[in-house]
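User: I would like a close look at the charged side chains in this model. Please treat their pairing and their surroundings together.

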Amino acid sequence: MSTSKARWAAVTAHSLFWPAVALVALLVANTIYRPGFLTVEMKDGHLYGSLVDILRLAAPLILVGLGMTLVIATGGIDLSVGSMCAISGAIACLHISQQPDQNALSGVLVALALGIGLSLVLGAWNGALVSIIGIQPIIATLILMVAGRGLAQLITEGQIITINSEPYKSVGVGYLLTLPLAIFIAAGVALLVAAVTRRTALGMIIEAVGGNAEASRLAGIRSARITFLVYVISAVCAGIAGFMVTANVSSADGNAAGLWIELDAILAVVIGGTSLAGGRFSLSGTILGALLIQTLTTTVYAMNISPQTSLLFKAVVVIIVCLVQAPAFRARFARRRPVAPAAPTAADQSKEQVPA
Amino acid sequence: MLTMGKAITRRRAVAVLTATLLATGMAACGNSDTGEQPADDGKLTLGFSQVGAESGWRTANTNSIKESAKEAGIELKFDDAQGKQENQITAIRNYIQQKVDVIAFSPVVESGWDTVLKEAKDAGIPVILTDRSVDSADKSLYKTFIGSDFVKEGRLSGEWLVEQTKTATGPVNIVELQGTTGSAPANDRKKGFGEAIAANPNLKIIASQTGEFTRAGGKAVMEQFLKANPKIDVLFAHNDDMGLGALEAITAAGKVPGKDIKIITIDAVKDGMQALADGKFNFIAECSPLLGPQLMDLVKKVKAGETIPQRIETQETTFTPEQAKAALPTRKY
């Protein structure tokens, strides 16, 4: 009995236990509200249902979140991802809209290449500002967050570019093996990032840079190069997410595409247990966090919570998840002891534990 | 960056001071110095400060004003405030300095205009507000406000639906895609629509949610509406873009937009009109940006000293699919 108790304690202590509980709780609440919520049926040769919508709409957030995880692991932050989404989506849609045959695969591939290329350039810009010039990440990426929206609008000339291209559309709403293609792309990128960071020393090096950039440099790691790299990866992830966001509605809106996705991504990373102080990251946590946030958004629509209260509803759920996940908070309630001994422990470990 | 910010603030402070001094100086001179006005050649001068170029709607608005000024023989001094109130205040002060005949602008925000409007009034330059209003308690600070009536747009949409469904015996289920929560168009369109459909107790809004005025928002919300409500007869979207997003969700659900689900939207931008002409939408209430001709007319009247009403509505219409087909070739936005 004691072993099962210990095992239970180990499970609940896992950093992803509480986000997972919150995700299940949301799904249960939806099912109680409307028993058909979990129903998934076949329609036009693919699966159809709210769960499928959640997967499809979470894909861009997962992508942006993966890039953000690596950036945050180095102790940085990337605020420009939302604007990057808008830019890559805008340049791709602009190119496709200029093609005589919008359904031609070659034109779409060039459009995707243009989007990725531009993302690489902008990622390099961010990376250079942070790693070479040494500007604080929050300020360096704030530049593109603000100016990037302008750039996206410049590309679209302030209009919404509507396209009619089946190959491009499939990036956002296409299906593969009855499941949304977008989620396969996101999963593919996730596996690639996981393989590169966890099967090689790169992940550890990133964490070392996040823990102490100067110490890791003295230990022989080219920390500036690593910092540069994570901003480029983040930009490319955001660029691909931009394709999905614009393909979802077959149009590029420089104003609205990817708006505030940087905040959702940071939230997903934090819920997933990655420390904002850097030095530690969890890719699976970020994916779970992204799914949780998308489920929360879909819940608001599915339960038809009034727009005036929906933001409050979201805030309350996020606060609860962050609190129960915070070790300092849990420790205080689990032991039911006076606060005094718990406080210094929390302070000592602040580098590691700031998920809230 | 900090020092740059400081420099700008200092420069702006100097500019503000200069402008204020000039305005006071001019007010002291009174009306005796009309001989110095640049309007000597008899041509009217209009200083216009635009919000920015954030949407196709706004671009069409700008073009309308520029073109109709040319046609009316009015010299237009145009300024793009790029969404910033301070730019707009600077522009208005410049117009006061240049002694234009009339100033018109679309306020970026509602509040904070009293000082600069007072300066214009003291300089004897009449001000016309376009598209958006200000919350100044002193209504004498501006001559008139010309713009769309959002409540009316909602009401026209509702009245069309009431007319279409007057033979319906059973309940008609409506879902509503609201604009950005708390924005004037969203509140007013919801209000007007709600008032109009109250005429028929069969008409019921079964779900209402914000789609943030965007296609992606409209689509994501509509997807869940379709799953939660097996019987949806009508969609009312507060703008074309949300309706266009919802179109895709409806098609993906295996339903035919325009037939299985009737769609009513507001704005009448090009993509929306195309959908209407294709029979995917059923009705659009126009929210027209083309207020240039009306504005030029007002400028002339104001300068001639005629009295004009404090509130003037933009000339707007509604579209059915047939009317959309006829209007599309000459549509400017």
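How many salt bridges does a search of the whole structure find over all chains?

Analyst: The model is predicted. Over all chains, the search of the whole structure gives 23 salt bridges. Several of them are described below, followed by a group of charges on the surface.

Chain A comes first. Asp53(A) and Arg56(A) form a salt bridge, with 3.6 Å between the closest N and O atoms. Both residues belong to helix 3 of chain A, which covers residues 50-73. They are 3 residues apart there, about one turn of the helix. Asp53(A) has a relative accessibility of 5%, and because buried means under 20%, Asp53(A) counts as buried. Arg56(A) is likewise buried, its relative accessible area being 5%. This pair is also part of a network of salt bridges that links Asp53(A) and Arg56(A) with Glu223(B) and Lys227(B). The network therefore has members from chain A and from chain B.

In chain B, Asp101(B) forms a salt bridge with Lys303(B), and the closest N and O atoms lie 3.8 Å apart. Asp101(B) sits in the loop between helix 3 (85-97) and strand 3 (102-105), while Lys303(B) is in helix 10 (residues 292-303), so the salt bridge ties together parts of chain B that are 202 residues apart in sequence. The two partners fall into separate accessibility classes: Asp101(B) is buried at 3% relative accessibility, whereas Lys303(B) is partly exposed at 39%.

Helix 10 of chain B also holds both partners of another pair, Asp297(B) and Lys301(B). Their closest N and O atoms are 4.0 Å apart, and the pair forms a salt bridge. Along the helix the spacing is 4 residues, about one turn. Asp297(B) is partly exposed, with 43% relative accessibility, and Lys301(B) is partly exposed as well, with a relative accessible area of 32%.

The surface group is made of negative charges. Glu110(B), Asp114(B), Asp135(B) and Asp138(B) gather there in a patch of negative charge. Patch members must have no salt bridge, so these four acids stand apart from the pairs described above. One of them, Asp135(B), is found in the loop that runs between strand 4 (127-130) and strand 5 (144-147) of chain B. Asp135(B) counts as partly exposed because its relative accessibility is 45%, and partly exposed covers values between 20% and 50%.

Technical notes. Residues numbered from 1 in each chain as written. Chains lettered and ligands numbered in written order. Predicted model: local features only at pLDDT ≥ 70, side-chain atom pairs only at ≥ 80, totals over all residues. Heavy atoms only, no water. Patch = residues over 30% accessible without salt bridge, like charges linked within 9 Å, V, L, I, M, F, W, Y side chains within 5 Å. Areas by Shrake-Rupley, 256 points an atom, 1.4 Å probe, with all protein chains shown as cover. Salt bridge = Lys/Arg side-chain N within 4 Å of Asp/Glu carboxyl O. Lys, Arg positive; Asp, Glu negative; His and termini not counted. Charge placed at Lys NZ, Arg CZ, Asp CG, Glu CD. Helix = DSSP H or I, 4+ residues; strand = E, 2+ residues; numbered from the N terminus. Buried < 20%, exposed > 50% of the residue type's maximum accessible area, 1.4 Å probe, protein only.
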